[in-house]
Amino acid sequence: MRLISTLAAASAALALAGCGQGGDANKQAAGAPGGEGAAGGGGGSADQVWVAGSSTVFPFATRVSEQVSRTTGGTAAKVESLGTGGGIKLFCGGVGANYPDVATASRQMKKSEWDACQQAGVTDIVELKVGYDGIVVANARNGADYNLNVEHLYKALAAEVPAGQGFAPNAAKTWRDVDPSLPADRIQVYGPPPTSGTRDAFVELAMEPGAQTVPALKALKGSDENAFKQRAHTLRSDGAWIDSGENDNAIIQTLEKTPGSVGVFGFSFLQNNLDKVKPASVGGVQPTLAAISDGSYPLSRSLYIYVKKANVASKPALQPYVTAFVSDAAAGRGGYLLERGLIPLPDAERKAQQAAAQNLTPMAAPKS
């Protein structure tokens, strides 16, 4: 279904900040001059492109910024990592210099977010799919090997699980409590906070399908979809799941320092840290470039950018930035974004996104 080419195994080091606890999004910024900017602090100079959003898309957005600045001689775009939800919220806050020109996202914009944009006067929004990524479950290289499935993930991480005729707090302490075939390590999973598109994708791709393998949850989905999603999406808050900010590199550092712990983060960060961590298989499939691009790896997802069409006329650097992001040189097979872990779209789909970037075709309202 999706085509892929060979990806370089290592990338340039990313200038990312440390990790926050308790669900607070960790803000990172990159731009010119000096490679840094103040998160949420305005769009810089009047002609500087301002990009904010997903931590997963952050390394790709900064690389495009560097390349466009190098080739045009202009000021590099200011790029911030606020999480998908945080970036879109700021993007949809209004028009003008106090709001980003581009939101990056590791999921599609929600109907509620689109409505907020419309209410704030952000009306012509261009949605561009830029490539694919996978969500990995990984641990330190010297740790146990994990062969997981979505049922394991649900039973280990759901806040409440079926008990008798109702539900009770999840009492599983170790992975072996979930399934005798799994390691006896304590369930201690470091992952993204609720503002993160990686978190959204994880609950939709892992927790929901895992919940549906349990008869009581499958029945609940048939009778009350909203109640089912509430059960499936609510992660443990007793220390088994630990919100770890928007910095996936910080999660990897934590795995090295915390024996037996597991992390949930984007595939590109796995590719760049294979000397430190190793992935679990999910459903018998390892997260590889080919398995993510053809859809056989269960935790695969699409990556997006959202553009304010109205800002193109007043900010000449915006169109070149957007065009470069979906260009063959960046996102095509052999493009420079593949060195940072982007998995490219099939040729025909990428051409369609290039046409949308050139024509600035506004998106329709999302269905949900």
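**Notebook: helix contacts and a pocket**

I began with two helices, H1 and H13. Phe60, Ala61, Val64, Ser65 and Val68 of H1 touch Pro320, Tyr321, Ala324 and Phe325 of H13. I noted at once that this is a predicted model. Next I sorted the contact residues by class. The contact of H1 with H13 has 8 nonpolar residues, 1 polar and no charged.

Then I looked up the geometry. H1 covers residues 58-72, and H13 covers residues 318-325. Their axes lie 10 Å apart, at an angle of about 120°. That makes H1 oblique to H13, because angles of 65 to 115 degrees count as roughly perpendicular and 120° is outside that range. I also checked the hand of the crossing: for H1 and H13 it is right-handed.

**Second entry: H6 and H8**

At what angle do H6 and H8 pack? I found about 110°, with the axes 9 Å apart. H6 and H8 are therefore roughly perpendicular to each other. Their crossing is right-handed. From H6, the contact takes Val203, Met207, Glu208, Ala211 and Gln212. From H8, it takes Phe228, Lys229, Ala232 and His233. I sorted these too: the contact of H6 with H8 divides into 5 nonpolar, 2 polar and 2 charged residues.

**Third entry: H7 and H8**

I stayed with H8 and turned to H7, residues 215-223. H7 and H8 pack with their axes 6 Å apart, at an angle of about 140°. That makes H7 oblique to H8. On the H7 side I listed Leu217, Leu220, Lys221 and Ser223. On the H8 side I listed Glu225, Ala227, Phe228 and Arg231. Phe228 of H8 is in this contact, and Phe228 is also in the contact with H6. By class, the contact of H7 with H8 holds 4 nonpolar, 1 polar and 3 charged residues.

**Fourth entry: the largest pocket**

I then looked for open space. The largest pocket holds about 700 Å³. How many residues line the largest pocket? I counted 27. Nearest its centre lie Arg107, Gln108, Lys110, Asp200 and Glu204.

Which elements give two or more residues to this lining? They are helix H6 (197-212), helix H8 (225-233) and strand S14 (300-308). H6 gives the most, with 7 residues. So I met H6 and H8 again here, after seeing them packed against each other at about 110°. Last, I split the pocket lining by class: 9 nonpolar, 8 polar and 10 charged residues.

Terms used:
Residues are numbered from 1 along each chain as its sequence is written. This is a predicted model: local features need pLDDT of at least 70, side-chain atom pairs count only at pLDDT 80 or more; totals for chains, interfaces and linings use all residues. Side-chain values use heavy atoms; hydrogens and water are left out. On a 1 Å grid over the protein atoms alone, a cavity is a set of points where a 1.4 Å probe fits but cannot get out, and a pocket is an open set with protein on both sides within 12 Å along at least five of seven lines; lining residues have an atom within 4 Å of a point. Grid points are joined across faces, edges and corners, and a volume is the space filled by probe spheres set on the points. Helices (H or I, at least four residues) and strands (E, at least two) are DSSP runs, numbered from the N terminus. Ala, Val, Leu, Ile, Met, Phe, Trp, Tyr, Cys and Pro count as nonpolar, Asp, Glu, Lys and Arg as charged, and the others, Gly among them, as polar. Axes are lines fitted to C-alpha atoms, for helices over the stretch in contact, and angles run from 0 to 180 degrees between N-to-C directions. Angles under 35 degrees count as roughly parallel, over 145 as roughly antiparallel, 65 to 115 as roughly perpendicular and the rest as oblique. A crossing is left-handed if the near helix is turned anticlockwise from the far one by less than a right angle, and right-handed if clockwise. Contact means heavy atoms within 4.5 Å.
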